[in-house]
Amino acid sequence: MQKELFDMVNQFNENMLASSKRLAEINMRAFEQMVSKQAEMMNDCLESTAKQYEALTTAKDYKDAVKAQSELLKGCSDKYMANLHDATEMMTSVREELTGLVEETVKFTSESIEKAGEMTTKKAA
């Protein structure tokens, strides 16, 4: 009886450790993806600033400058929306992975509690 209980506790601990490692991997991957996306967005902003400076210095009159800024703003807006869409997809993927992890952990924990209850009932009988 004690060996069975000991084995069950060991299995429970191994599964909890594996779940913790998986959680850390999911978090690290999400962090890396978000940092990469943020760096990409910052690069886009810097490029936009350089293009804006170039457009303003080469404009012949204010109409050319306004037109160039309008085009740059549209381009920035499109890039921003694309980045927002990508970030939303990334976070949705992370949410799905975390939901799966929680469901697996809850299922295993419930099964372990049932086993422990059965073992205790057998021992009491």
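## Exercises on a predicted model

Phe31 is found in helix α1, which covers residues 2-58, and the model in which this helix appears is a predicted one.

**Exercise 1.** Work out which span helix α1 should have at 1.5 Å a residue, and compare that value with the separation of its end C-alpha atoms.

*Solution.* Begin with the 57 residues of α1, which at 1.5 Å a residue should span 84 Å. Next, take the end C-alpha atoms of α1, which are 83 Å apart, so that the two values agree.

**Exercise 2.** Decide whether Phe31 is buried or exposed, and find which surface patch Phe31 helps to make.

*Solution.* The relative accessible area of Phe31 is 53%, and because the cut-off for exposed is over 50%, Phe31 counts as exposed. Turning to the patch, Phe31 joins Met28 and Val35 in making a nonpolar surface patch of about 300 Å². By contrast, the buried residues of α1 include Ile26, Ala30 and Lys37.

**Exercise 3.** Determine how many disulfides the structure holds, and explain why Cys45 and Cys76 do not form one.

*Solution.* A disulfide is a covalent bond between the sulfur atoms of two cysteines. The structure holds zero disulfides: for Cys45 the nearest cysteine sulfur is that of Cys76, 6.7 Å away, and for Cys76 the nearest is likewise that of Cys45. Because a disulfide requires the sulfur atoms to lie within 2.5 Å, the separation of 6.7 Å leaves Cys45 in no disulfide. As a last step, consider accessibility: Cys45 is partly exposed at 45% relative accessible area, and Cys76, at 31%, also counts as partly exposed.

Methods
Residues are numbered from 1 along each chain as its sequence is written. This is a predicted model: local features need pLDDT of at least 70, side-chain atom pairs count only at pLDDT 80 or more; totals for chains, interfaces and linings use all residues. Side-chain values use heavy atoms; hydrogens and water are left out. Buried means under 20% relative accessible area, exposed over 50%, partly exposed in between (1.4 Å probe, protein chains only). Patches are made of residues with over 30% relative accessible area and no salt bridge: like charges are joined within 9 Å, nonpolar side chains (Val, Leu, Ile, Met, Phe, Trp, Tyr) within 5 Å. Accessible areas come from the Shrake-Rupley method with a 1.4 Å probe; for residues, only the protein chains shown count as cover. A salt bridge is a side-chain nitrogen of Lys or Arg within 4 Å of a carboxyl oxygen of Asp or Glu. Helices (H or I, at least four residues) and strands (E, at least two) are DSSP runs, numbered from the N terminus. The expected span of a helix is 1.5 Å times one less than its number of residues.
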